[in-house]
Structure formats: C-alpha cells, structure tokens
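Me: I am new to this structure and should like to understand the reasons behind the terms used for it. Please set each value against its cut-off before concluding.

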Amino acid sequence: MRTLQTQLTLWTEGLLDRSALVDWAAAQIAAQDEPAWELIELVLEGPEACMRKAEADFPIRPLELTYADHFALRALVLELTDDAASLRFCGWAAQAALAEDLENPMVKLGYRLDHWLVDCENAVGALQCLREQLPALLPECRDRAARLGWS
C-alpha cells in the first residue's frame, strides 16, 4: 500500500498529477475511521500549499531519492514505444548520471545515453540503446520501487 510520503514523492517527480494525488487522499480519508490530518489538509489545500508549509506544520515530506531511485520510478512509467517520452528519459538519465557511481548499471546506462546524445549527437542511437538495455534493468527497478513503497 502506498503511503502519503510515497504519493508526495511521485507527485514531486511528476509521475502523479495533482488531481490523482488529491483523489487518492480523499479515498484514504473515506476508508479510515480517524484519518491523518495531513490527508485532510492535502485534500482541502492541495499539495502545492502543503509543501510550502513549514515542516513543523506539515511534517510529511517526499522521500529523498538517489539517482537509482529516480531512475527506477521514471523507468517503470516510461512507455518505450513513445519516442518523445523515451528521448526525455534519455536526456534526464544522461544528465543525472554524471558523477554517480559507475558500478551501478543504471548509471552505466545513463553514461551510454550521454555518449549517444552529447558526444555523437545521435538521438536515434540513444533511443536504440535505451530500448535494448532498459528491459534488463526493469526487475531491479521494480524491486527498488517496491522498497520505496510503490507497488
């Protein structure tokens, strides 16, 4: 089951839109005898207003994610047949991977994408690389997302 912290993380990552977050919070309120006041505030004020509050006033915050966490969440919602979305993913992964641990296969893919996009100026090559290599990383992405509470 997803938590408010997980949902806020997805929202801040752009993987969950505002209305879906508010609808989720409203459903949580309806299902609980004594819902958390943060859920009520989220429904009444919206996530933007809640995130502007001091942490003492709204203590639930998005998770702090590593590159691999970001990568996993983004990869799991990516539709590989969508060229524009896949190219945006390539650009993000290439930029965000810089200075990360090259032992991580997700980082290695980011560096490969950077090579295609920056060194070769070849978006088609980057898309082909992504489509060939991302599927092998998806099991780890699913495991990582599950550990973050996103199932």
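Reply: The questions below concern a predicted model, and each reply sets out its reasoning.

Me: How many aromatic pairs are there, and why is the pair of W37 and F58 called edge-to-face?

Reply: Searching the whole structure gives five aromatic pairs. In one of them, the ring centres of W37 and F58 are 6.3 Å apart and the planes meet at 85°. Rings pair when their centres lie within 6.5 Å, and planes over 60 degrees apart count as edge-to-face. The pair of W37 and F58 satisfies both conditions and is therefore edge-to-face.

Me: What does the pair of W37 and F58 tie together?

Reply: W37 belongs to helix α3 (residues 37-45), while F58 sits in the loop between α4 (47-52) and α5 (67-77), so the pair links parts that are 21 residues apart in sequence.

Me: How do you know whether W37 and F58 are buried, partly exposed or exposed?

Reply: Buried means under 20% relative accessible area and exposed means over 50%, with partly exposed in between. W37 has 40% relative accessibility, so W37 counts as partly exposed. F58 has a relative accessible area of 0%, so F58 is buried.

Me: What makes the pair of Y67 and W92 stacked?

Reply: The centres of Y67 and W92 are 5.4 Å apart, with 5° between the planes. Since planes under 30 degrees apart count as stacked, the pair receives that name. Y67 lies in helix α5 and W92 in helix α6 (residues 83-97), so this pair ties together parts that are 25 residues apart in sequence. Y67, F71, F89 and W92 make up one aromatic cluster.

Me: Why are Y67 and W92 given the class they have for accessibility?

Reply: The cut-off for buried is under 20%. Y67 has a relative accessible area of 6% and is therefore buried. W92, with 19%, also falls under the cut-off and is therefore buried.

Me: How do you know whether the span of α6 fits the expected value?

Reply: α6 has 15 residues, and its first and last C-alpha atoms are 21 Å apart. The expected span is 1.5 Å times one less than the number of residues, which for α6 gives 21 Å, and the span is close to that value.

Me: Which residues of α6 are buried, and what covers them?

Reply: The buried residues of α6 are A85, S86, F89, C90, W92, A93, A94 and A97. Their cover includes α5, α7 and α8.

Me: What lines the largest pocket, and which element gives the largest share?

Reply: The largest pocket, of about 200 Å³, is lined by E13, L15, R74, V77, L78, E79, A85, R88, F89 and W92. Two or more of the lining residues come from each of α5 and α6. α6 gives the largest share, four residues. By class, the lining has six nonpolar, no polar and four charged residues.

Me: How many cavities of 30 Å³ or more are there, and what lines the largest cavity?

Reply: The search finds one cavity of 30 Å³ or more. The largest cavity has a volume of about 30 Å³. T6, T9, L10, L63, L65, L73, L148 and W150 form its lining. Helix α1 (residues 4-12) contributes the largest share, three residues. The lining contains six nonpolar residues, two polar and no charged.

Me: Why is D69 called buried or exposed, and which residues does D69 touch?

Reply: D69 is placed in helix α5. Its relative accessible area is 8%, under the 20% cut-off, so D69 is buried. Leaving aside residues up to four places away in sequence, D69 touches E64, R144 and L148.

Me: What makes the phi values of A99 and E121 notable?

Reply: Most residues other than glycine have a negative phi. A99, however, has a positive phi near 75°, and E121 has a positive phi near 50°. A99 is found in the loop between α6 and α7 (105-119), and E121 in the loop between α7 and α8 (123-147).

Me: How do you know whether A99 and E121 are buried or exposed?

Reply: Exposed means over 50% relative accessible area. A99 has 76% relative accessibility and therefore counts as exposed. E121 has a relative accessible area of 70%, so E121 is exposed.

Note on methods. Residues are numbered from 1 along each chain as its sequence is written. This is a predicted model: local features need pLDDT of at least 70, side-chain atom pairs count only at pLDDT 80 or more; totals for chains, interfaces and linings use all residues. Side-chain values use heavy atoms; hydrogens and water are left out. Rings of Phe, Tyr and Trp (its six-membered ring) pair if their centres lie within 6.5 Å; planes under 30 degrees apart count as stacked, over 60 as edge-to-face and the rest as tilted. Buried means under 20% relative accessible area, exposed over 50%, partly exposed in between (1.4 Å probe, protein chains only). On a 1 Å grid over the protein atoms alone, a cavity is a set of points where a 1.4 Å probe fits but cannot get out, and a pocket is an open set with protein on both sides within 12 Å along at least five of seven lines; lining residues have an atom within 4 Å of a point. Grid points are joined across faces, edges and corners, and a volume is the space filled by probe spheres set on the points. Ala, Val, Leu, Ile, Met, Phe, Trp, Tyr, Cys and Pro count as nonpolar, Asp, Glu, Lys and Arg as charged, and the others, Gly among them, as polar. Contact means heavy atoms within 4.5 Å.
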